[in-house]
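Subject: Structure handover

Hello,

Here is the structure I promised you. Please open it beside this email and follow along.

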Amino acid sequence: MADLAYAAPSSTSIGIVEFARTLVAAFGEDVFTVIEETPERLLALPGIGPKRQQRVTSAWAEQKVIREIMVFLQSHGVGTARAVRIYKTYGDAAVEKVRENPYRLALDIWGIGFKTADAIAERLGIARDAPIRAQAGVRHVLQELSTEGHCAAWRDELGTQAARLLEIPAPIIAAAIDSELAEERLVAETIAERPALFLTPLQRAERGVAGHLRRLAQDPPPWGPIDAEKALPWVETRTGQVLSASQRTAVATVLEAKVAIITGGPGVGKTTVVNSLLRILAAKGVEVLLCAPTGRAAKRLAESTGREAKTIHRLLEFDPQSMGFKRDAEHPLEADLVVVDETSMVDIVLMNQLLRAVPSFA
């Protein structure tokens, strides 16, 4: 009777438990049949009017739909947590949508990838060489390449890899690529006179990063001119550290640049360079924000600089409800300088989100 108890109002003349008992006492094992087929019989019970009857029958109908969807999904190998996400995304049309194209799950549902969708498709009897499988497989290969740091793949190599992985003839894969391009899930570009293919979000992110870097680089630094010949001896005195020739060059270069990358292997003195820069710019009243892609990296950055450092997600104020960031081009970060540690760990999509939140004069 849990569903009936859930359906009953929380504050009525008849309590939830008593309400459920009244229904069972009145209709016995036929209670569910009554609710579904002859709900008007509920009106004969004491304390039940048209509004309560409507609430009971509506709630029962909704719960029945949810149960049917969950049973369908779980019978095809979908766990409870994923089934709930599917229902929340598709609602009452969940079964229809999954039957029609289970591979859409990899596009629409967080936490469901090609392999899971492919297993569901096999249970549903979808042919291994079906066009929808070929299309999803092409996207899967590109997604796998993105985990290795690639935003794109050569078209001929993508076709070969997808055909081998999916065991689908090359002509079907070629047609799948054309369909994905037509549906704008893939973008074609020519790179070095050779056709290449991108997943649309990655292509947009890559172009976004390039555009934001150009935007940021075209203005002078907000802290104005700084004489490195005076600043370098000053910071060495304050820190008690003598900078090497390469470190002095790095500090001087960054002081004059709007966008800069400090790189080098372990132990070459990158942290010393960053700390020297922060000490010089702090003396100029520059507002600084520090961030890194992971919590551990942010903690190390904070420890090495003595300043607060956040993860990029926290800095951009990630909102789990909207799955978006509160800090963006319209609500940019409030800083003159943004320092990002371990940038090699930042994927292209997150880097685009970060750069769009950096104001032009930061």
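First, a term you will need: two strands count as paired if DSSP finds at least two bridges between them. Helices and strands are DSSP runs, numbered from the N terminus.

Please keep in mind that this is a predicted model. The mean pLDDT of the protein chain is 87. Of its residues, 91% reach 70 or more. The start of the chain is another matter. Over residues 1-14, pLDDT stays under 50. For that stretch the model has 27 contacts beyond four places in sequence. Where pLDDT is low, the predicted coordinates should not be read in detail.

The antiparallel sheet

Begin with the sheet built from strands 1, 2 and 3. Its 3 strands lie in the order 1-3-2, the sheet is open, and the pairing is antiparallel. Which strands are at the edges? They are strand 1 (152-154) and strand 2 (186-191), and each pairs on one side only. From one strand to the next, the twist averages 30°.

Now go through the pairs. Strand 1 and strand 3 run antiparallel and are joined by 3 bridges. Here Ala-152 stands opposite Phe-198 of strand 3. Strand 2 and strand 3 (residues 194-199) also run antiparallel, with 6 bridges between them. Find Glu-189, which stands opposite Ala-196 in strand 3. Then find Thr-190, whose bridge partner in strand 3 is Pro-195.

Strand 2 and strand 3 form a hairpin, with 2 residues between the strands. In this hairpin Ala-192 takes a positive phi near 55°.

Two helices meet this sheet. Helix 9 (residues 131-146) lies across strand 1, strand 2 and strand 3. It runs at about 90° to strand 3. Helix 11 packs on the sheet and touches strand 2 and strand 3. The direction of helix 11 makes about 105° with that of strand 2.

The pair of helices

Helix 11 also has a helix partner. How do helix 10 (residues 155-166) and helix 11 (residues 170-182) pack? They pack at an angle of about 120°, with their axes 9 Å apart. That angle makes helix 10 oblique to helix 11. The crossing of helix 10 past helix 11 is right-handed.

Look at the residues that make the contact. Helix 10 brings Arg-155, Leu-158, Gly-159, Ala-162, Ala-163 and Leu-166. Helix 11 brings Ile-173, Ala-174, Ile-177, Asp-178 and Leu-181. Together, the residues of this contact divide into 8 nonpolar, 1 polar and 2 charged.

The parallel sheet

Further along the chain, look for strands 4, 5 and 8. These 3 strands form an open sheet in the order 5-4-8, and the pairing is parallel. Why is one side of strand 5 (309-311) and of strand 8 (337-340) left without a neighbour in the sheet? Both stand at the edges, each with a single partner strand, so one side of each has no neighbour there. The twist averages 30° from one strand to the next.

Strand 4 (residues 288-292) and strand 5 run parallel, joined by 3 bridges. Leu-290 stands opposite Ala-309 in strand 5. Helix 16 (residues 295-305) packs on this sheet, touching strand 4 and strand 5. The direction of helix 16 makes about 170° with that of strand 5.

Over to you.

Best wishes

Note on methods. Residues numbered from 1 in each chain as written. Predicted model: local features only at pLDDT ≥ 70, side-chain atom pairs only at ≥ 80, totals over all residues. Heavy atoms only, no water. Axes fitted to C-alpha atoms, helices over the stretch in contact; angles between N-to-C directions. Helix = DSSP H or I, 4+ residues; strand = E, 2+ residues; numbered from the N terminus. Parallel < 35°, antiparallel > 145°, perpendicular 65-115°, else oblique. Left-handed = near helix turned anticlockwise from the far one by under 90°. Contact = heavy atoms within 4.5 Å. Nonpolar A, V, L, I, M, F, W, Y, C, P; charged D, E, K, R; others polar. pLDDT = per-residue confidence, 0-100.
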